[in-house]
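Student: Please take me through one part of this model closely. I would like to look at the aromatic ring pairs and at what surrounds them.

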Amino acid sequence: MHPDVVVVGAGIIGAACAEALTARGLRVTVLDRGPVASGTSAAGEGNVLVSDKEPGPELDLAVASRERWSVLVHELREETGRDVEWEEKGGLVVATTPRAREPLEEFADRQRRAGVDACEITPEEARELEPHLNPELTAAVHYLDDAQLNPVKATLALLEAAKRRGGTVLPHTEVSTTDGRTTVTSNGTIQSTAVINACGPWADRFGVNVRPRRGVVLVTVPMPDMVRHKVYDADYVGAAASDDAGLQTSGVVESTQAGTILIGSTRQRVGFDERIEPATLKVLAQQAIALFPMLSAVPVMRAYCGFRPYTPDHLPIIGPDPRTPGLWHATGHEGAGIGLAAATGRLIAELITGENPHVDPHPFRVDRPAVPA
């Protein structure tokens, strides 16, 4: 029996689409040229954030996704028995210089007016939340809704749920062509009524303007309970929103359930160049130490890089492709794909099945002027 939908890409976005579609009774086949969750999703930090987004369509999607994730993780555990390491740990955004204080407070005020729980706190209160923070902070905002999960475990849980409902997952299956109905792969031809491009930074092969943007992360040895929240410098928002192809860096520090500390972040458009320059690692370490001086004595265990799917206007592409009936896109989330996955999968499923969408899909359409092919 032919599937109703073929999803190309077995990362967290493709997995979320598969989960949402199978929840509505559709037959789904998920394809990936490599192992599942082996691309961008494997190189993510697992952030589910509202703290880093300006009011507008992406924040609307992020808020909806945060709400969906808080329910979905429990549904996945009940259905599959898989734990995705969900933590409602909250986020802390800090200013480390006097000049950074006003922009941080203005950004938080805009978010509050959009309905985000952004609590301005004193530096002393910030250090009560994070005792090892630099005592010379000038301002801080506490975001209670920021959360974290393990992106690989979440992807596997979403795919497992899809399979339990009759879905099929075919790793190591390369797609050569598709017309939205007929998909030719390295393992044969598949007929369907719809095809979803969920290929992340490799999505341009389907005719969309998505490019890779490299990010590098440092991983320390386990240091349990030393960092309790996602903590980042106020410059992070500006780096994420920058259009500069050159190296953008900002201090980001957070822990995992395994006790390791993840240190980021960088953004750089260099194609799929996987080389990690020592100078980049040095900047990351310096920025992390500026937030947490105690990190100067903590050994780094490893570093890794991944490629985020970048669009010129920093909005994901979600919806049908009017140029190719049957072809849909769910890509371009850049560094926010983990957090936005739950709402993206739900939105795609709503649009395909004709339900009323829970967020406005219009800003994410593939034919918007900002993302010409």
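Tutor: What follows starts at the rings and works outward to the sheet, the helices and the whole chain.

Keep in mind that this is a predicted model. Two aromatic pairs are counted. Take the stacked one to begin with: Trp202 and Phe272 sit 5.3 Å apart, centre to centre, with 10 degrees between their planes. Planes under 30 degrees apart count as stacked, so this pair qualifies. The two residues come from distant parts of the chain, 70 residues apart. Trp202 belongs to the loop between β12 (194-197) and β13 (211-220). Phe272 belongs to the loop between β16 (261-267) and α7 (278-291).

How exposed are these rings' residues? Trp202 is partly exposed, at a relative accessible area of 27%. Phe272 is also partly exposed, at 40%.

Phe272 has a second ring partner, Phe307. Here the centres are 5.2 Å apart and the planes meet at 65 degrees, so the pair is edge-to-face. The cut-off for that label is over 60 degrees. Phe307 lies in strand β17 (residues 300-310), while Phe272 is in the loop between β16 and α7, so this pair ties together parts 35 residues apart in sequence. Phe307 is buried, with a relative accessible area of 6%. Put the two pairs together and Trp202, Phe272 and Phe307 form a cluster linked by ring pairs.

Now follow Phe307 into its sheet. Strand β17, which holds Phe307, is part of an open sheet of eight strands with mixed pairing. The strand order is β5-β6-β4-β14-β15-β16-β13-β17. The edges are β5 (118-121) and β17. Each has a single partner strand, so one side of each is left without a neighbour in the sheet. On average, neighbouring strands are turned by 20 degrees against each other, direction ignored.

Further into that order, β4 (residues 91-95) pairs with β14 (residues 230-233). The pairing is parallel and runs over four bridges. One point to find on screen: Val94 has Asp233 in β14 as its bridge partner.

Two helices are worth tracing across these strands. Helix α7, which bounds the Phe272 loop, lies across β4, β13, β14, β15 (248-255), β16 and β17. Its direction is about 55 degrees to β15. Helix α3 (residues 98-113) lies across β4, β5 and β6 (139-143). Relative to β6, α3 runs at about 25 degrees.

What about the cysteines? A search of the whole structure turns up zero disulfides. Cys305 is in none, and the nearest cysteine sulfur, that of Cys199, is 19 Å away. A disulfide needs the sulfurs within 2.5 Å, so Cys305 and Cys199 do not make one. Cys305 is buried, at a relative accessible area of 18%. Cys119, by contrast, is partly exposed, at 28%.

Finally, step back to the chain. It contains eight helices and 19 strands. Of its 373 residues, 56% count as buried. The C-alpha trace spans about 65 × 40 × 40 Å along its principal axes. The radius of gyration is 20 Å, which agrees with the value near 21 Å for a compact globule with 373 residues. Among contacts with a separation of 6 or more, 75% are between residues 24 or more positions apart. The Trp202 and Phe272 pair, 70 residues apart, is one link across such a distance in the chain.

Conventions:
Residues are numbered from 1 along each chain as its sequence is written. This is a predicted model: local features need pLDDT of at least 70, side-chain atom pairs count only at pLDDT 80 or more; totals for chains, interfaces and linings use all residues. Side-chain values use heavy atoms; hydrogens and water are left out. Rings of Phe, Tyr and Trp (its six-membered ring) pair if their centres lie within 6.5 Å; planes under 30 degrees apart count as stacked, over 60 as edge-to-face and the rest as tilted. Buried means under 20% relative accessible area, exposed over 50%, partly exposed in between (1.4 Å probe, protein chains only). Two strands pair if DSSP finds at least two bridges between them. Axes are lines fitted to C-alpha atoms, for helices over the stretch in contact, and angles run from 0 to 180 degrees between N-to-C directions. Contact means heavy atoms within 4.5 Å. The radius of gyration is taken over C-alpha atoms; the globule rule is 2.2 Å times the number of residues to the power 0.38.
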